[in-house]
Structure formats: structure tokens, C-alpha cells
Amino acid sequence: MASSATAYVAREPDEQGYIHYPDEENETWQILMSRQMQLLPGRACQEYFDGLDQLQLPVDRVPQLEELNRVLARTTGWRVERVPALISFDRFFKLLSEKCFPVATFIRTRKELDYLREPDIFHEVFGHCPLLTNPDFAAFTHIYGKLAYKASKEDRVFLARLYWMTVEFGLVDTAEGLRIYGGGILSSPKETVYSLESDKPLRESFDPVAAMRTPYRIDILQSVYYILDQMSVLQQLSDMDIMAMVSKAKTLGLFEPRYPPKDEP
């Protein structure tokens, strides 16, 4: 998604469309994936693991985007597209509206293993792509992209909160207990444990208007998580009048933040 500045540069493919990642970056992928795969059993939702089984992500190297596209096309008709490290919001939403998930082809450095402001290929592929094989998740993401692309700048701010509280940091209730489906959690070891096991954040039943009214910060562990009753709620939401919910959220206004301002510890 768009951001103000970055030191990262996306890697370019060769004439055959293959991206050559150096050994150090393949090793970074292996470190990131291995430690998350130790944490996610019993914490991530089954739909996520079903997607992992279909994608068969390599453990020892950064995956090639065409490997993902073969599976996504077969399951939900989605694909991924290589983008620079930064793209505009217009481009981001336009891609989603076309069932295309943007992936910046760079991976974080070892110094930023635990937190990265920009969404790198590990976050986008490991965090989000498995659930893009799920029809409910894929349908909601598609509708969201279409609405956000056409929305005003003011309305996009409210839609961004909905995306953040679902696609990025959503939880879902299951017969086995609370599970993770948000890619921002699934790609973060700290947030994986914190979201389910800490007594500090507030965990609320999912309400789309409430999600749109909830402020957040991108640089801290989340203070509020919203819980779906089941993944099919996303499909149901995609059939509802989301823009009417935006209007209601704008009228009601934002909740008080449950986190300190940036200049406080």
C-alpha cells in the first residue's frame, strides 16, 4: 500500500520473468517462515492452513509470483502482481478491484525482522495469499477494492479502518477457540501471541460500523481486535451496503483511541 518513504527497492525479474534473490534474502525468508510456522498451529484459522496447503510455499527461498498465480487462478480467480516498494492508494484499490493483489518484491533486512513499516513480500505472500484461496475472504477483498477505488478521500479513511480491522488484524471464533486470519498478525511473531494471549487489548465482536470508527496506529501492537463469528461473515458483508455503513460511521464519529499518542511512551 502507499507510504510516505522507504529505503527498500523492489527486485526486477529477468527476461524470463524470474526474480533472482540473493542467498541472504532467501535465508531471511527461511528465518521468517520457519519461526511463524512454529507459532501458528493452534493460533491461525483452519482456512489459512488450507490455503498454505494449496500454495505449498517454499521454506528455503522467496517464492516466485507465478507459482502463486497458478494456485490463485485455480481457486478463486485472483492473482498477484509485482509492484514497486510504494504505490498510490488509487493503484492499490484498482488492483484489488481487478482481483489482483499487489506484492512488492523486496524482503526486509535482518535489522527489521520483527517490525517493518512497509509491507514486504513476506507480509503480503505469507500473511495474505493463503487466505486469497478462500472464497469468502477473496470475495470481500474484491468488493472492498471496487468500493474503495470509487470512494472519496474522506470515505477511504473509514474504509481503511474496516480493512485494517479485518484483512490485516482480524480474529475469528471457531469451535476450537479464537483464531487469527488477519495478515498483519499472521506475519508477526509478537502480534501472533499478543493478539490471542495478552490481557491488554480489547477483543470485540465484529461490527463493521464500529470497526470503521476505531482509530489505530500502525507502529504498535494493536489495542483493539474484532472477532468474526465465522469466516463466512466476510462473504455476507460483501453483499451488504458497505458505503451506507461508511455514512453511518461518519455521522457517529470516531471512538476515543485506546493507545497513547506517538510522543508518549
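**Note on the predicted structure**

1. Of the 265 residues in the protein chain, 54% count as buried, and the reader should keep in mind from the outset that this is a predicted model.

2. The overall dimensions fit that of a globule: for 265 residues a compact globule would have a radius of gyration near 18 Å, and because the protein chain has 18 Å, the value agrees with that expectation. Along its principal axes, the C-alpha trace spans about 50 × 40 × 40 Å.

3. The secondary structure of the protein chain is made up of 12 helices and 6 strands. Where contacts link residues at least 6 apart in sequence, 67% of them join residues at least 24 apart.

4. On the outside, the protein chain has an accessible surface of about 12,300 Å², and carbon and sulfur atoms account for 50% of that surface. As for charge, the protein chain carries 30 positive and 39 negative charges, and the mean positions of these two groups are 3 Å apart.

5. How many disulfides does a search of the whole structure find? The search finds 0. C45 is in no disulfide, and the nearest cysteine sulfur, which belongs to C129, is 15 Å away, whereas a disulfide requires a pair of cysteine sulfur atoms within 2.5 Å. C100 is likewise in no disulfide, with the sulfur of C129 again the nearest cysteine sulfur, here 10 Å away.

6. Are these cysteines buried or exposed? C45 counts as buried because its relative accessibility is 0%, and C100, also at 0% relative accessibility, therefore counts as buried; the cut-off for being buried is under 20%.

Key
Residues numbered from 1 in each chain as written. Predicted model: local features only at pLDDT ≥ 70, side-chain atom pairs only at ≥ 80, totals over all residues. Heavy atoms only, no water. Helix = DSSP H or I, 4+ residues; strand = E, 2+ residues; numbered from the N terminus. Rg over C-alpha atoms; globule rule 2.2 N^0.38 Å. Buried < 20%, exposed > 50% of the residue type's maximum accessible area, 1.4 Å probe, protein only. Contact = heavy atoms within 4.5 Å. Areas by Shrake-Rupley, 256 points an atom, 1.4 Å probe, with all protein chains shown as cover. Lys, Arg positive; Asp, Glu negative; His and termini not counted. Charge placed at Lys NZ, Arg CZ, Asp CG, Glu CD.
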